[in-house]
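Biologist: I would like a close look at a single part of this model, set in the context of the whole chain. Please take me through it step by step.

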Amino acid sequence: MNWEAFEKALISYDKLEVNKILQHFLAEKNGIDFIDEYIVKSLTSIGEKWERGEVALSQIYMSSRLCEEIASSILEEKNFTIKNAKPIAIVTLEEYHTLGKKIVSAVVRSSGFDLIDYGSISGPEEIIKRVTDDSIKILMISVLMYPSALKIKKISQMLHEKDPSIKILVGGAPFLMDSTLWEEVGADKMGKSAADNIAIIEQWMKEDS
(Lines give C-alpha, C1' and ligand atoms only; values in the text may rest on other atoms or scores of the structure.)
Protein backbone atom coordinates (compact mmCIF):
# COMPACT_ATOMS: atom_id res chain seq x y z
CA MET A 1 0.00 0.00 0.00
CA ASN A 2 1.31 3.44 -0.92
CA TRP A 3 0.32 7.03 -0.22
CA GLU A 4 -1.66 7.22 -3.48
CA ALA A 5 -3.96 4.49 -2.13
CA PHE A 6 -4.32 6.50 1.07
CA GLU A 7 -5.17 9.61 -0.95
CA LYS A 8 -7.82 7.70 -2.90
CA ALA A 9 -9.37 6.46 0.34
CA LEU A 10 -9.40 10.01 1.73
CA ILE A 11 -11.13 11.44 -1.34
CA SER A 12 -13.73 8.67 -1.15
CA TYR A 13 -14.07 9.22 2.60
CA ASP A 14 -13.54 5.51 3.11
CA LYS A 15 -12.70 5.45 6.81
CA LEU A 16 -12.30 1.67 6.92
CA GLU A 17 -9.71 1.72 4.12
CA VAL A 18 -7.95 4.73 5.66
CA ASN A 19 -7.60 2.87 8.97
CA LYS A 20 -6.51 -0.33 7.20
CA ILE A 21 -3.69 1.54 5.42
CA LEU A 22 -2.68 3.27 8.66
CA GLN A 23 -2.49 0.02 10.63
CA HIS A 24 -0.54 -1.70 7.85
CA PHE A 25 2.00 1.14 7.90
CA LEU A 26 2.29 1.24 11.70
CA ALA A 27 3.06 -2.49 11.76
CA GLU A 28 6.45 -1.67 10.20
CA LYS A 29 7.18 2.02 10.79
CA ASN A 30 6.35 4.83 13.21
CA GLY A 31 3.56 7.39 13.20
CA ILE A 32 5.74 10.43 12.48
CA ASP A 33 6.83 8.78 9.24
CA PHE A 34 3.18 8.18 8.34
CA ILE A 35 2.49 11.89 8.73
CA ASP A 36 5.39 12.83 6.46
CA GLU A 37 5.05 10.05 3.89
CA TYR A 38 1.26 9.73 3.66
CA ILE A 39 -0.68 12.61 5.21
CA VAL A 40 1.44 15.51 3.95
CA LYS A 41 1.83 14.06 0.45
CA SER A 42 -1.86 13.19 0.16
CA LEU A 43 -3.16 16.55 1.34
CA THR A 44 -0.74 18.39 -0.92
CA SER A 45 -1.89 16.29 -3.88
CA ILE A 46 -5.58 16.76 -3.03
CA GLY A 47 -5.02 20.51 -2.76
CA GLU A 48 -3.46 20.54 -6.23
CA LYS A 49 -6.39 18.51 -7.60
CA TRP A 50 -8.82 21.03 -6.12
CA GLU A 51 -6.96 23.90 -7.81
CA ARG A 52 -7.39 22.02 -11.13
CA GLY A 53 -11.08 21.45 -10.43
CA GLU A 54 -10.69 17.68 -10.04
CA VAL A 55 -12.04 17.40 -6.49
CA ALA A 56 -14.66 19.35 -4.55
CA LEU A 57 -13.99 21.66 -1.62
CA SER A 58 -16.06 19.30 0.54
CA GLN A 59 -13.61 16.48 -0.29
CA ILE A 60 -10.69 18.64 0.87
CA TYR A 61 -12.54 19.44 4.08
CA MET A 62 -13.41 15.83 4.89
CA SER A 63 -9.93 14.62 3.95
CA SER A 64 -8.40 17.23 6.25
CA ARG A 65 -10.70 16.24 9.11
CA LEU A 66 -9.75 12.58 8.75
CA CYS A 67 -6.06 13.42 8.66
CA GLU A 68 -6.40 15.69 11.67
CA GLU A 69 -7.97 12.84 13.65
CA ILE A 70 -5.14 10.51 12.63
CA ALA A 71 -2.45 13.06 13.45
CA SER A 72 -4.01 13.73 16.86
CA SER A 73 -4.05 10.01 17.67
CA ILE A 74 -0.42 9.61 16.59
CA LEU A 75 0.78 12.74 18.34
CA GLU A 76 -1.33 12.69 21.49
CA GLU A 77 0.15 14.90 24.16
CA LYS A 78 2.73 13.38 26.46
CA ASN A 79 4.78 14.77 29.30
CA PHE A 80 8.14 15.91 27.94
CA THR A 81 10.96 17.91 29.47
CA ILE A 82 10.83 21.26 27.67
CA LYS A 83 14.05 21.72 25.70
CA ASN A 84 13.56 25.34 24.65
CA ALA A 85 16.54 27.64 24.89
CA LYS A 86 14.66 30.21 22.82
CA PRO A 87 10.93 31.12 22.59
CA ILE A 88 9.14 29.67 19.52
CA ALA A 89 5.90 30.75 17.84
CA ILE A 90 3.95 29.40 14.87
CA VAL A 91 1.40 31.15 12.65
CA THR A 92 -0.59 30.60 9.47
CA LEU A 93 -0.38 33.69 7.30
CA GLU A 94 -3.61 34.97 5.74
CA GLU A 95 -5.34 31.59 5.46
CA TYR A 96 -7.67 29.44 7.52
CA HIS A 97 -6.77 26.00 6.15
CA THR A 98 -4.62 25.26 9.20
CA LEU A 99 -4.19 21.48 9.22
CA GLY A 100 -0.54 21.76 8.18
CA LYS A 101 0.18 24.11 11.07
CA LYS A 102 -1.62 21.84 13.53
CA ILE A 103 0.48 18.88 12.41
CA VAL A 104 3.73 20.83 12.67
CA SER A 105 2.76 22.17 16.11
CA ALA A 106 1.98 18.68 17.36
CA VAL A 107 5.29 17.31 16.08
CA VAL A 108 7.28 20.18 17.59
CA ARG A 109 5.59 19.76 20.97
CA SER A 110 5.95 15.98 20.95
CA SER A 111 9.67 16.49 20.33
CA GLY A 112 10.01 18.38 23.59
CA PHE A 113 9.71 22.00 22.45
CA ASP A 114 7.06 24.38 23.70
CA LEU A 115 5.65 26.98 21.35
CA ILE A 116 3.01 29.69 21.13
CA ASP A 117 0.35 29.13 18.46
CA TYR A 118 -0.82 32.46 17.01
CA GLY A 119 -3.49 30.77 14.90
CA SER A 120 -4.20 32.45 11.57
CA ILE A 121 -3.24 36.12 11.14
CA SER A 122 -3.88 38.12 7.97
CA GLY A 123 -1.66 41.16 8.54
CA PRO A 124 2.15 41.14 8.69
CA GLU A 125 2.06 44.09 11.12
CA GLU A 126 0.13 42.08 13.71
CA ILE A 127 2.57 39.18 13.42
CA ILE A 128 5.52 41.52 13.91
CA LYS A 129 3.90 43.11 16.97
CA ARG A 130 3.15 39.78 18.61
CA VAL A 131 6.62 38.39 17.93
CA THR A 132 8.14 41.55 19.43
CA ASP A 133 5.83 41.57 22.46
CA ASP A 134 6.54 37.88 23.19
CA SER A 135 10.31 38.16 22.55
CA ILE A 136 10.08 35.28 20.05
CA LYS A 137 13.41 34.04 18.68
CA ILE A 138 12.11 31.39 16.24
CA LEU A 139 9.04 32.15 14.13
CA MET A 140 7.46 29.37 12.09
CA ILE A 141 5.20 30.58 9.24
CA SER A 142 2.90 28.25 7.32
CA VAL A 143 1.21 29.22 4.04
CA LEU A 144 -0.99 27.44 1.52
CA MET A 145 -1.03 29.85 -1.42
CA TYR A 146 1.74 31.63 -3.34
CA PRO A 147 0.48 35.23 -2.74
CA SER A 148 0.61 34.63 1.01
CA ALA A 149 4.17 33.35 0.73
CA LEU A 150 5.27 36.58 -0.93
CA LYS A 151 4.00 38.60 2.04
CA ILE A 152 6.55 36.89 4.26
CA LYS A 153 9.22 39.14 2.70
CA LYS A 154 7.90 42.15 4.60
CA ILE A 155 7.80 40.19 7.85
CA SER A 156 11.37 38.96 7.35
CA GLN A 157 12.72 42.42 6.58
CA MET A 158 11.06 44.12 9.55
CA LEU A 159 11.85 41.40 12.08
CA HIS A 160 15.47 41.09 11.02
CA GLU A 161 15.86 44.87 11.24
CA LYS A 162 14.45 44.82 14.79
CA ASP A 163 16.49 41.80 15.88
CA PRO A 164 18.93 40.07 13.49
CA SER A 165 19.04 37.04 15.80
CA ILE A 166 15.39 36.13 15.10
CA LYS A 167 15.10 33.04 12.90
CA ILE A 168 12.23 32.56 10.43
CA LEU A 169 11.28 29.03 9.39
CA VAL A 170 8.75 28.73 6.57
CA GLY A 171 6.76 25.84 5.16
CA GLY A 172 3.82 24.95 2.96
CA ALA A 173 2.96 24.06 -0.61
CA PRO A 174 4.48 27.15 -2.33
CA PHE A 175 7.89 26.41 -0.84
CA LEU A 176 7.75 22.75 -1.83
CA MET A 177 6.92 23.71 -5.42
CA ASP A 178 9.64 26.38 -5.63
CA SER A 179 12.80 25.36 -3.80
CA THR A 180 14.31 28.88 -3.89
CA LEU A 181 11.21 30.80 -2.75
CA TRP A 182 12.19 30.72 0.93
CA GLU A 183 15.37 32.63 0.13
CA GLU A 184 13.48 35.14 -2.01
CA VAL A 185 11.18 36.04 0.88
CA GLY A 186 14.06 36.41 3.32
CA ALA A 187 13.41 33.38 5.50
CA ASP A 188 16.31 31.66 7.27
CA LYS A 189 15.23 28.10 6.40
CA MET A 190 12.45 26.10 4.77
CA GLY A 191 11.10 22.95 6.40
CA LYS A 192 10.21 20.26 3.88
CA SER A 193 8.63 17.94 6.44
CA ALA A 194 7.68 17.66 10.08
CA ALA A 195 10.94 15.85 10.86
CA ASP A 196 12.91 18.44 8.88
CA ASN A 197 11.46 21.22 11.04
CA ILE A 198 12.64 19.50 14.22
CA ALA A 199 16.20 19.15 12.91
CA ILE A 200 16.30 22.84 12.00
CA ILE A 201 14.92 23.95 15.37
CA GLU A 202 17.37 21.75 17.26
CA GLN A 203 20.26 23.27 15.30
CA TRP A 204 19.08 26.81 16.02
CA MET A 205 18.63 26.00 19.69
CA LYS A 206 22.28 24.98 19.88
CA GLU A 207 23.48 28.23 18.36
CA ASP A 208 24.43 30.89 20.91
CA SER A 209 23.12 28.65 23.73
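Biologist: How many helices and strands are there in the protein, and, coming to the part I want examined closely, what do the buried residues of helix H1 pack against?

Modeller: This is a predicted model, and the protein in it has 11 helices and 5 strands. Its radius of gyration is 17 Å, close to the 17 Å that the globule rule gives for 209 residues, so the protein is as compact as a globular protein of that length. Taken along the principal axes, the box filled by the C-alpha atoms is roughly 50 × 40 × 25 Å. Of the 209 residues, 43% count as buried, and among the contacts with a separation of 6 or more, 69% are between residues 24 or more positions apart. The accessible surface comes to about 10800 Å², with 52% of this belonging to carbon and sulfur atoms.

Turning to the part you asked about, helix H1 covers residues 3–11, and its buried residues are Phe6, Glu7, Ala9 and Leu10. These four lie on the same side of H1, because the arc that they cover around the axis is only 165°. The buried residues of H1 pack against helix H2 (15–26), helix H3 (31–51) and helix H4 (57–74). At the start of H1, the backbone nitrogen of Glu4 has a side-chain oxygen of Asn2 within 3.2 Å, while just after the helix Tyr13 takes a positive phi of about 55°.

One of the buried residues of H1, Phe6, leads on to the aromatic side chains, since Phe6 forms one aromatic cluster with Phe25, Phe34 and Tyr38. A search of the whole structure finds 5 aromatic pairs. In the pair formed by Phe25 and Phe34, the ring centres are 5.1 Å apart and the planes stand at 70°, so this pair is edge-to-face. Phe34 also pairs with Tyr38, but here the arrangement is stacked, with 4.8 Å centre to centre and 20° between the planes. Phe34 and Tyr38 are separated by about one helical turn, because they are 4 residues apart in helix H3. As a rule, an α-helix has 3.6 residues a turn, so residues three or four places apart point the same way. As for burial, Phe25 has a relative accessible area of 8% and is therefore buried, Phe34 counts as buried at 0% relative accessibility, and Tyr38 is buried as well.

For a second view of how a helix is packed in this protein, helix H8 (residues 152–162) has Ile152, Ile155, Ser156 and Leu159 as buried residues. They lie on the same side of H8, because they cover an arc of only 100° around the axis. The buried residues of H8 pack against strand S1, helix H6 (124–133), strand S3 (138–143), helix H7 (146–150), strand S4 (167–172) and helix H9 (173–177). On the side of S1, which spans residues 88–93, Leu93 can be singled out, a residue that is buried with a relative accessible area of 0%. Leaving aside neighbours within four places in sequence, the residues in contact with Leu93 include Ile152 and Ile155, along with Ile121, Ile127, Ile141 and Val143. Lys162, by contrast, is 69 residues from Leu93 in sequence and 20 Å from it in space, C-alpha to C-alpha.

Technical notes: Residues are numbered from 1 along each chain as its sequence is written. This is a predicted model: local features need pLDDT of at least 70, side-chain atom pairs count only at pLDDT 80 or more; totals for chains, interfaces and linings use all residues. Side-chain values use heavy atoms; hydrogens and water are left out. Buried means under 20% relative accessible area, exposed over 50%, partly exposed in between (1.4 Å probe, protein chains only). Helices (H or I, at least four residues) and strands (E, at least two) are DSSP runs, numbered from the N terminus. The arc is that of the directions from the helix axis to the C-beta atoms. Contact means heavy atoms within 4.5 Å. A polar contact is a pair of N or O atoms within 3.5 Å; within protein, one must be able to donate a hydrogen and the other to accept it, and residues adjacent in sequence count only if both atoms are side-chain atoms. Rings of Phe, Tyr and Trp (its six-membered ring) pair if their centres lie within 6.5 Å; planes under 30 degrees apart count as stacked, over 60 as edge-to-face and the rest as tilted. The radius of gyration is taken over C-alpha atoms; the globule rule is 2.2 Å times the number of residues to the power 0.38. Accessible areas come from the Shrake-Rupley method with a 1.4 Å probe; for residues, only the protein chains shown count as cover.
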